[in-house]
Amino acid sequence: MYGTVRLFRFVRLDLIFDGGFAMNKNNFSSPLSLRNVQITDTFWKKEMELVRTEVIPYQWAALNDQVEGAAPSFCMHNFKAAGKLNKEKKELGTAFKEPAYTFRGFEALPEDPKHLDDKFYGFVFQDSDFYKWIEAVGYSLTQHPDPQLESIADGAIDIVCAAQQEDGYLDTYYILNGKDRIFTNLRDHHELYCLGHLLEGAVSYYQATGKDKLLKAASRYADYVAAYFGPEEGKCKGYPGHEIAEMALVRLYETTQDSKYLDLAKYFIDERGKQPYYFDKEHPEEVKKNPNGLRYAYNQAHLPVREQDEAVGHAVRAVYLYSGMADIARLTEDDTLFDACKRLWDNMVQKKLYITGGIGGTHMGEAFSFNYDLPNDTAYAETCASIGLVFFARRMLEICPDVQYADVMEQALYNTVLAGMALDGKSFFYVNPLEVLPEACHKDERKFHVKPVRQKWFGCACCPPNLARTLSSVSSYAFTEKDDTLFVHLYIGSDIKKTVNGTDVSVRMTSEFPWNGKVTLQADSADTPFTLALRIPGWCTSYQVSLLGAAHNPISGSEAITGLDASEYTIKNGYLYITRKWKESETLTLDFPMEIQVWNANPNVREDIGRAAVTRGPITYCLEEADNGCDLHLLTLDWNAPAQVRDFTVCGEPVKEILMQGFKEDKEKEAPQRLYRPVQTAEKSPVTLRFIPYYTWANRGENEMSVWVRV
Ligand code: FUB
Ligand code: ZN
């Protein structure tokens, strides 16, 4: 059916936000335990099943270097080699000679890849790949018990724990290369990054299985780190060069209730960016180069975090830091820290966010560029960075349920995060450009970081296991809870259990997202009042909420909301709060019409001037050569003409495609041999532009793609 297209900007009154928000712990929510959610959603269940059946086994093979034709990982090799050394150490006692530190590069590769010595290989942070894998395994087991997988995981945990030193230290890079230099290059060598991933993995596996071997090992390492770093005299005053330990220590604290982990996380946050810079002490040569200036913006350590107001530096590090800041702000009710989080959030989403939910405009340092610099064909937009953005958004929502955070979380998840993985779960993108000309990726050095097709694995394989852990725990982003309230941030069909004042409450939600905005909810709270806090997505221009089957059918006074008494609901910051005693026989139906929306970028985004992008609901669309022929740059969109939404499949994936009208410049009719010609009106032929969801691009071989099209 052809329909009209809406050009943005609309004003929805419920999106006019409260001005001064002050933190109040009575309003905080926390993610719903994965044990209390069973995902039934068609769309997300498929993603999670892909992770379970394809990605987890594939990644286990990759961690063991058993994937033909893929870059070797060396990850499990390193743990085994470190375990072997540890065994020797135990057997030899005082006769054991620790290896003295040898620097073998940020990435140490074997001379002969077919013959590995008992040495460390790969990137300095290679251990983290296993930790992310075990985290994904934990989440997956929560949804889908699998004794065989659990037994592989237990075996792997034995290998990892065998490498742990008597004193608790656990990082194979230094165990194998020389422990005499541990924590001497916090800026670059990722020991605290690996610690962070270890903590996340250990907590996840413990929560899924109740088995605490890895959690105990992780806690022992965290104890070691807590004894090493801190404000007390004699302790090291450093902090992570690549953040994540901050939020992971918070998670360990919330699991064990041991406050030393919270103190350490807070210390890392508070210490970061103070002058004199800790990293100067580690790297005196930096001081010589730039004695007076701000340094370490790449690591977000250029200023104390409470003074930062622009998202800068390495994008993954940045959003991991901001996530940790939000955690600490919540747990310590620190308004100044939360204000910094808000400033950084605003800067990022107003000036540095791609319409695909990607962040990181430049491959130089895998980093944020300056405000409004959002190039499409050289974008970095790392998959991990959008994952980190999802982490940050969820943490902001825990403090302050405000639809702006959920909207961005959804935008990142459904677009860049999902684009990171092929539809068959067998290959991955690290970089997520918004425009690709394959020839340029092959011939132009400035674009060598952009791959026109997904890769099986990477030497630096941060993204694939990060995807696995995020997709398999997606419900922890969809739902948060507090005493008597369930927040629904993402409409993902699920069966949910919750206890409210000692009463068991159940909620069953079905959802047709992301292709249709229809949702149903059935809740049973017996005689206990219970609140459903339902996000009204920022992208919908109207919505309809109706309660069907209630004993009486009061008029609410609102056209958008029917079947509810006006006293039963309120709307705040884009959330509809409905408080009542829910009966199983009633059904709440929500309808968020998904219109085709056509967007211009802010005029400061030079790359997008005169161009438009198309979205529908949470999905950002793109043009691909497979559907539109080559030379996508010759297309122009007539956004005013009627458009059509149609069922389509991309490699078997059922999606909605969007058909819109436009023109293609007829280059055959021009003089092809002339590079320049007097200005003239180009000859154009009318064409239908076929848009597919961005996350499905590059599944049909190497071809051109573009999110933005001329208008
Ligand atoms: O440095 C560890 C990870 O590798 C980062 O988070 C990614 O950006 C990649 O550089
Ligand atoms: Zn990554």
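How do the residues of the lining of the largest cavity divide into nonpolar, polar and charged? Keep that in mind for the last stop of this tour. One thing to know before you start clicking: the model in your viewer is a predicted one.

**Stop 1: the zinc site**

Select the zinc ion (ligand 2) and show its partners as sticks. You will find E382 coordinating through OE, with C384, C462 and C463 each coordinating through SG. The distances run from 2.0 to 2.3 Å. Now turn the view around the metal: the four donor atoms subtend angles of 95 to 116° around the zinc ion, so the arrangement is tetrahedral.

Colour the chain by residue number and look at where the donors come from. Their spacing along the chain reads E-x1-C-x77-C-C. The pair C384 and C463 links distant parts of the chain, 79 residues apart, with C384 in helix α14 (residues 383-399) and C463 in helix α17 (residues 463-471). Are these two cysteines buried or exposed? C384 is buried, with a relative accessible area of 2%, and C463 is buried too, at 0%.

**Stop 2: helix α14**

From C384, extend your selection to the whole of α14. Of its 17 residues, 17 are buried, so this helix is largely enclosed by the rest of the structure. If you like to check geometry, pick the C-alpha atoms at its two ends: they are 25 Å apart, which agrees with the 24 Å that 17 residues should span at 1.5 Å a residue.

**Stop 3: the second largest pocket**

Next, select P31, Q207, R251, R394 and S476. Of the 29 residues that line the second largest pocket, these lie nearest its centre. The space inside comes to about 680 Å³. To see the walls, show the elements that give two or more residues to the lining: β3 (30-31), α3 (127-143), α6 (191-209), α8 (245-256), α12 (315-332), α14, α17 and α18 (475-478). Two of the names there, α14 and α17, also hold C384 and C463 from the zinc site.

What is the character of this lining, sorted into nonpolar, polar and charged? Its residues divide into nine nonpolar, nine polar and eleven charged.

**Stop 4: helix α8**

Which helix gives the largest share of that lining? The contributor is α8, with five residues. Select α8 and follow it from end to end: its twelve residues reach 16 Å from the first C-alpha to the last, close to the 16 Å expected at 1.5 Å a residue. This helix is mostly covered, with nine of its twelve residues buried. The buried ones are A245, E246, M247, A248, L249, V250, R251, L252 and Y253. R251 is worth a second look, as one of the residues that lie nearest the centre of the second largest pocket.

**Stop 5: unusual backbone in the loops**

Now switch to the backbone and visit four loops.

- Go to P276, in the loop between α9 (259-271) and α10 (278-282). The peptide bond leading to P276 from Q275 is cis, with omega near -5°.
- Move on to P514, in the loop between β11 (503-511) and β12 (518-524). Here the bond from F513 to P514 is cis, with omega near 0°.
- Pick Y296, in the loop between α11 (284-289) and α12. Its phi is positive, about 70°, although Y296 is not a glycine. At 7% relative accessibility, Y296 counts as buried.
- Finish with E366, in the loop between α13 (335-351) and α14. E366 has a positive phi of about 50° and is not a glycine either. At 19% relative accessibility, E366 counts as buried, because the cut-off is under 20%.

**Stop 6: the largest cavity**

The structure holds three cavities of 30 Å³ or more. For the largest, select K45, M48, E49, R52, S140, Q143, H144 and S472, which form its lining. About 80 Å³ of space lies inside. The elements that give two or more residues to this lining are α1 (42-63) and α3, and α1 gives the most, with four. α3 may be familiar from Stop 3, where it also gives residues to the lining of the second largest pocket.

That brings us back to the opening question. The residues lining the largest cavity divide into one nonpolar, four polar and three charged.

Key
Residues numbered from 1 in each chain as written. Chains lettered and ligands numbered in written order. Predicted model: local features only at pLDDT ≥ 70, side-chain atom pairs only at ≥ 80, totals over all residues. Heavy atoms only, no water. Donors = N, O, S within 2.8 Å, 3.2 Å for Na, K, Ca; no water. Tetrahedral: all angles 85-135°; square planar, octahedral: opposite > 155°, others 65-115°. Buried < 20%, exposed > 50% of the residue type's maximum accessible area, 1.4 Å probe, protein only. Expected span 1.5 Å × (residues − 1). 1 Å grid on protein atoms, 1.4 Å probe; cavity = no way out; pocket = protein on both sides within 12 Å on 5 of 7 lines; lining within 4 Å. Points joined across faces, edges and corners; volume = space filled by probe spheres on them. Nonpolar A, V, L, I, M, F, W, Y, C, P; charged D, E, K, R; others polar.
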